[in-house]
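Open your viewer and get the selection tool ready. We will go stop by stop, and at each one you will hear what to pick and what to look for.

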Amino acid sequence: MSSRTEVFTRRVSDVRKRGTLSTSPERSVKDVIGQMTADHASAVVIIDDEGRPVGIFTEADATRRVALRATGDESVSDLMTAPVDTVAEGEYLYAAVARMQREGRRHLPVVDGNGRLTGVLDLHDALSQCARETVDQIQTLTQTDSIDGLTARKIAQAVLARQLAEENLPVDQIQALISQMNADTYARIIDMQIAAMADEGLGSPPVDFDVITMGSGARGESMMYPDQDNGFVLADYSENDHAEIDVWFIELAERMTRSLDTVGIPLCTGFVMATNPLWRKPIADWRRQLDFWFERRTPNLLRHTEIICDFAPVWGSGALAAELRQMFMAAVTGNDPVLRGIGSSDGVHGPALTWFGGFITVKDPSEYRGYVNLKHYGTLPVVSGARLMALRAGISDTSTLLRLSKCNEQGGFKHDAYDELVAAYRLSASVLLHSQIDEFEEGRKVTNFVDPKALTRRQRGDLKRAFKAIRNFHGRIRFEFAGEVF
C-alpha cells in the first residue's frame with residue numbers, strides 16, 4: 001500500500017510511543033523535570049493508582065513554572081495540564097492526526113479499552129506517517145465545523161474508497177473505514193444540533209441518552225451511500241415528565257435526520273429512525289417492547305426484531321446501548337421460536353443463480369433490466385444466515401465475518417465450507433462496492449444493481465462460483481431455521 005493511503009488504514013496503536021514516561025500526581029515538579037531531562041522526553045503523563053491519565057506535564061508546563069515563580073518543590077498536579085484528553089489505541093490514525101492539528105496538541109495520551117495508559121501519540125511522529133499530499137485529504141475527511149464541511153467529507157470519502165480499492169485493500173476493511181466515518185458524521189451532527197438547540201433556548205438534553213445505528217453501519221459493513229437506520233435509547237424518567245422530555249428528543253431526532261440526509265446519508269424509506277417513537281424510548285420501554293415482540297412474533301414484529309439484532313452506539317457513553325444489548329441477547333440466545341420466526345419471515349432469497357448456472361436478473365425497475373441486485377441476492381443471504389447462527393450460539397458480535405469466524409470456532413461448519421463462504425461473501429461485497437464507486441464517479445445514482453455484462457469473463461465465473469457457495473449456505477439456514485427443504 002502506498003504512503004498516500006496507508007495512514008487511512010493504520011490505527012493509533014501502530015504509531016504510539018510505548019514505554020511512555022508516567023508518574024503519580026504527588027511527585028515534585030523538580031523530580032519530573034529531572035526525569036524529562038534525563039530521558040530527553042518532551043512530556044510526562046500523570047496517572048492515578050489504576051494507570052488512568054489524569055493530566056499531562058509538557059515542556060510548555062515546565063516553562064510556565066518560571067512565569068509562576070514555582071520553586072519546583074510543588075507536586076506536579078499543581079502545574080500539570082488537566083483534565084487531559086486521550087485517544088483510544090484503536091482509533092484511526094488519520095482522525096487522531098486531524099484532531100491534534102485542529103486542537104493544537106503535540107502529545108495525546110493513548111489508552112486501552114479500560115482507560116489505562118498504553119503510550120503517547122506524538123504529532124511529529126504521526127505526521128511522518130503521512131505523505132505530503134495526504135494532509136489536505138485528511139483535513140477534508142475530518143471537517144466537522146458545518147453541514148457543508150460534512151457534505152464535502154462524504155464526497156471525499158468516495159474518492160478515498162476508490163484509492164483503497166485500487167490498492168487491493170480487503171473489502172471488509174474499506175467497509176469498516178466507511179462505517180467509522182459515517183459514525184463520526186452522526187456524532188458531529190448530534191453535537192452541532194444539541195448546541196444549536198441550547199443556543200435557541202430549547203435547553204440541554206433532559207436525560208442521558210445513547211444514539212444507535214442499525215443495519216450495515218452497526219455491523220461495520222457500510223457501502224457507499226447507506227440509508228439511515230437509527231434510534232435513541234434514553235435513561236428512564238418519570239411518566240409524568242414524558243410529554244416535556246419527548247418533545248425535546250423529537251426535535252433533536254428531526255434535526256439529526258434532516259442533517260444526515262443533507263450530507264449524504266439518506267432518510268430511511270422504512271422509517272427506521274429516531275423520529276419514529278418505535279425507535280425512540282427509555283430503556284425500560286425498550287425492555288417491554290422487546291418482550292412484546294418476542295411474545296407475539298407476528299411477521300411485522302419479527303421484522304422489527306431482525307432490525308434490532310444489529311445495532312451499535314454512535315453517540316453517548318454507550319452504557320445504555322450496552323444495557324439494551326445485554327437484555328436483547330438474554331432474551332434471544334437459543335430462543336428457537338423467535339429464531340425460527342425470523343428465519344421464516346426474513347424475506348431473504350438465495351443468490352441470483354439458476355440451477356443451470358446462469359444469473360437471475362431483475363426486470364424492474366426497467367432501467368436496470370438484466371442487472372443483478374448484488375445486495376439482496378449476494379451479500380444479504382450471508383448476513384442474514386450469519387446473524388441467525390450467531391444468535392443461536394449466544395454470540396453478541398455484529399460483524400458478519402466475525403460472526404462466521406466464531407461460529408466456525410464452535411464447530412458450526414464442516415470441511416472447507418467456512419473458507420468458501422467467507423471468500424464468496426468478500427467477492428460479492430467487493431464487486432458491489434466497485435460498482436457503486438463507478439456509479440458515483442460517473443454521476444449516476446448509487447444502487448445495489450450490477451450489470452453482469454460489465455464484468456470480465458473471469459469475474460462472471462468467479463461470481464457464479466461464489467453464488468454456489470452462498471446458495472449452499474442459504475439452503476442450510478432455511479432448513480435449520482425455517483424447516484424448508486431444498
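Start by selecting H14 and H18: in this predicted model, the two helices pack at an angle of about 135°, with their axes 8 Å apart. That angle makes H14 oblique to H18. Turn the view until one helix lies in front of the other, and you will see H14 pass H18 in a left-handed crossing. Now show side chains. On the H14 side, pick Leu 339, Arg 340, Gly 343 and Ser 344; their partners on H18 are Arg 478, Phe 481 and Ala 482. If you colour this contact by class, you get three nonpolar, two polar and two charged residues.

Stay with H14, which covers residues 336–345. Which of its residues are buried? Select Val 338, Leu 339, Gly 341, Ile 342 and Gly 343 to see them. Leu 339 and Gly 343 are thus among the buried residues and also take part in the contact with H18. To see what lies over the buried residues, add the surrounding helices: the cover includes H11 (283–296), H12 (299–308), H13 (319–332), H15 (375–393) and H18 (457–482).

**Into the core**

Next, select Ile 308, which is one of the residues with the most contacts inside the largest nonpolar core, along with Tyr 94 and Leu 121. That core has 125 residues. Helix H8, residues 171–199, gives the most to it, with eleven residues. Which residues does Ile 308 touch, once its neighbours within four places in sequence are left aside? Show Ile 212, Met 214, Trp 279, Trp 286, Leu 290, Trp 293 and Phe 328. For a further stop, go to Val 32, Val 44, Ile 46 and Leu 79, which are included in a second, separate core of eleven residues.

**A second helix pair**

Now pick H7 (147–166) and H17 (417–441), which pack at an angle of about 130°, with their axes 10 Å apart. These helices are therefore oblique to each other. Here, too, look for a left-handed crossing where H7 passes H17. To light up the contact, select Ile 155, Ala 158, Ala 161, Arg 162 and Ala 165 on H7, then His 434, Ile 437, Asp 438, Phe 440 and Glu 441 on H17. While you look along the helices, one rule may help: an α-helix has 3.6 residues a turn, so residues three or four places apart point the same way. Sorted by class, the contact of H7 with H17 has six nonpolar, one polar and three charged residues.

**Around the loops**

Follow the chain into the loop between H7 and H8, where you will find Glu 167 and Asn 168. Are these two buried, partly exposed or exposed? Glu 167 counts as partly exposed, at 24% relative accessibility, whereas Asn 168, at 66%, counts as exposed. Try a distance between C-alpha atoms here: Glu 167 and Asn 182 are 22 Å apart in space and 15 residues apart in sequence.

Check the backbone angles while you are there. Most residues other than glycine have a negative phi, and most peptide bonds are trans. Asn 168 has a positive phi of about 60° although it is not a glycine. His 415 also has a positive phi, near 55°; you can find it in the loop between H16 and H17. At 80% relative accessibility, His 415 counts as exposed.

The loop between H16 (400–409) and H17 also holds Gln 410. With a relative accessible area of 52%, Gln 410 is exposed, the cut-off being over 50%. Beyond its neighbours within four places in sequence, Gln 410 is in contact with Ala 393 and Ile 395. For a long view across the model, draw a line from Gln 410 to Asp 191: the C-alpha atoms are 42 Å apart, and the residues are 219 apart in sequence.

**Two cis prolines to finish**

Select Ala 82 and Pro 83, which are joined by a cis peptide bond with omega about -5°. Pro 83 sits in the loop between H3 (59–67) and strand E4 (87–88). Then move to Asp 364 and Pro 365, where the peptide bond is cis, with omega near -5°. Pro 365 brings you back towards the starting helix, as its loop lies between H14 and strand E11 (372–373).

Key
Residues are numbered from 1 along each chain as its sequence is written. This is a predicted model: local features need pLDDT of at least 70, side-chain atom pairs count only at pLDDT 80 or more; totals for chains, interfaces and linings use all residues. Side-chain values use heavy atoms; hydrogens and water are left out. A nonpolar core is a set of buried Ala, Val, Leu, Ile, Met, Phe, Trp, Tyr and Cys residues joined through side-chain atoms within 4.5 Å. Buried means under 20% relative accessible area, exposed over 50%, partly exposed in between (1.4 Å probe, protein chains only). Helices (H or I, at least four residues) and strands (E, at least two) are DSSP runs, numbered from the N terminus. Contact means heavy atoms within 4.5 Å. Axes are lines fitted to C-alpha atoms, for helices over the stretch in contact, and angles run from 0 to 180 degrees between N-to-C directions. Angles under 35 degrees count as roughly parallel, over 145 as roughly antiparallel, 65 to 115 as roughly perpendicular and the rest as oblique. A crossing is left-handed if the near helix is turned anticlockwise from the far one by less than a right angle, and right-handed if clockwise. Ala, Val, Leu, Ile, Met, Phe, Trp, Tyr, Cys and Pro count as nonpolar, Asp, Glu, Lys and Arg as charged, and the others, Gly among them, as polar.
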